[in-house]
Amino acid sequence: MSDLRVCEVTKTLDLGGVEVLLVERLLKAREGIVNYTVICLRASTDELIQRLRSAGITVIDLTAGPRPLVYARLVTAVRRVAPHVLNVHSPAPLIVLRPFVRLARKRPALVSTVHNERWPKTMYLDRLTRWLDDCTVAVSPLVARSRAVIGARRVLTRMHGVDVQGQRWWAARASLLRRELNLPEDSFLFACVANFRPQKNHRLLLQAAAEVVRRRPDAVFALAGDGPLRDEVVRDVEARGLGDHVRVLGRLPRAARLVAAADLLVLSSDHEGLPVVVMEALAAGVPVVSTRVGGVPDLIASGRNGILTEPGSAGALAEAMLRGMEPQTHRELRAGALASAESVDMAGTAEWFEELYAELARDVKA
């Protein structure tokens, strides 16, 4: 076991993009290089926790216990772990941990990983204390250019990635998942893996889907995710008479399987960071139709491995999906997606972080 101790702190360990990126990276870590501990403030499902623990990674789950004391318990947990490097993936825990780290007698190197360019209220305090970090890692060029990293002393950009080998394994077994979900074998399957929240704009997707189904009755849409708007989406599907063509699957364990089984991935979001599902699609050779938002253009070159449309236009999204269904276009886009897989391979990112952690631990010790 390595004597280099690294503690990764995340606000949640639910099935969101940030958490999946973290878990997939740790599962790709080389054996014996780093001794990892993950601390999460809360988790509504234990799926990711169990995956980490099954791989021998220690997880400290602070979900139980009084919520007003969660940050005090976080500081105590970090003190007990006594890491050489502390990497925090959310602004609120960072704001609390920065002073503690700097005042510690044997302080760890402090890394902040920034996953989103958007500007929540906590970002003002985050900016004021960001100079205390030894290093800031932006997960995409978009984030590195944004005000979310203003004030950082050192910014590195590393696009994370996904398990390419695993996605190709699932893609080769796409027919099994289609049968499991009772999806017609001869249908053209659009997958949308996105939690049911306003910024994902499922209403726009359903508006576009209605037009696609009218012109291509073989189209089927599978929507996986969870969130406060799920029931509203179900009602919208029924109101539009799309029940035979749109399946609202809810929370789907290992939703990356659905991405790999699809003919096209579709996103209708108004805002995005760097969507994990887009990387999962490219890893499996699945083209992407998406609104041109957030870090999506850093991954998708329109006409090569997918098609991008302007946000807010149901007509444009429908036309892009219909274009992607054309046999020749679909073959070309699928080839482009497969060619993009190497750029989203998580194995290289895991090694990159290990080398960064070793460097930072040496610098702080010196």
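This report describes a helix contact, the cysteines and the aromatic pairs of a predicted model.

Helix α1 (residues 17-27) and helix α12 (residues 276-284) have axes that come within 9 Å and cross at roughly 50°. This crossing makes α1 oblique to α12. On the α1 side, the contact is made by Gly17, Val20 and Leu21, and on the α12 side by Val276, Met279 and Glu280. Four residues of this contact between α1 and α12 are nonpolar, one is polar and one is charged.

The structure contains zero disulfides. For Cys135, the nearest cysteine sulfur is that of Cys7, 17 Å away, and Cys135 is in no disulfide. Cys135 counts as buried, as its relative accessibility is 1%. Cys192 is likewise buried, with a relative accessible area of 2%.

Six aromatic pairs are present in the structure. Two of them are set out below.

| Pair | Centre to centre | Angle between planes | Arrangement |
|---|---|---|---|
| Trp169 and Trp170 | 5.0 Å | 85° | edge-to-face |
| Phe190 and Phe221 | 4.7 Å | 10° | stacked |

The rings of Phe190 and Phe221 are stacked because their planes lie at 10°, under the 30 degrees that this class requires. This pair links distant parts of the chain, with Phe190 in strand β8 (residues 188-193) and Phe221 in strand β9 (residues 219-224), 31 residues apart. Both Phe190 and Phe221 are buried. Trp169, in contrast, is partly exposed at 44% relative accessible area, and Trp170 is partly exposed at 28%.

Ring pairs also join Tyr36, Trp352, Phe353 and Tyr357 into a cluster.

Terms used
Residues numbered from 1 in each chain as written. Predicted model: local features only at pLDDT ≥ 70, side-chain atom pairs only at ≥ 80, totals over all residues. Heavy atoms only, no water. Axes fitted to C-alpha atoms, helices over the stretch in contact; angles between N-to-C directions. Helix = DSSP H or I, 4+ residues; strand = E, 2+ residues; numbered from the N terminus. Parallel < 35°, antiparallel > 145°, perpendicular 65-115°, else oblique. Contact = heavy atoms within 4.5 Å. Nonpolar A, V, L, I, M, F, W, Y, C, P; charged D, E, K, R; others polar. Disulfide = S-S within 2.5 Å. Buried < 20%, exposed > 50% of the residue type's maximum accessible area, 1.4 Å probe, protein only. Phe/Tyr/Trp six-rings, centres within 6.5 Å; stacked < 30°, edge-to-face > 60°.
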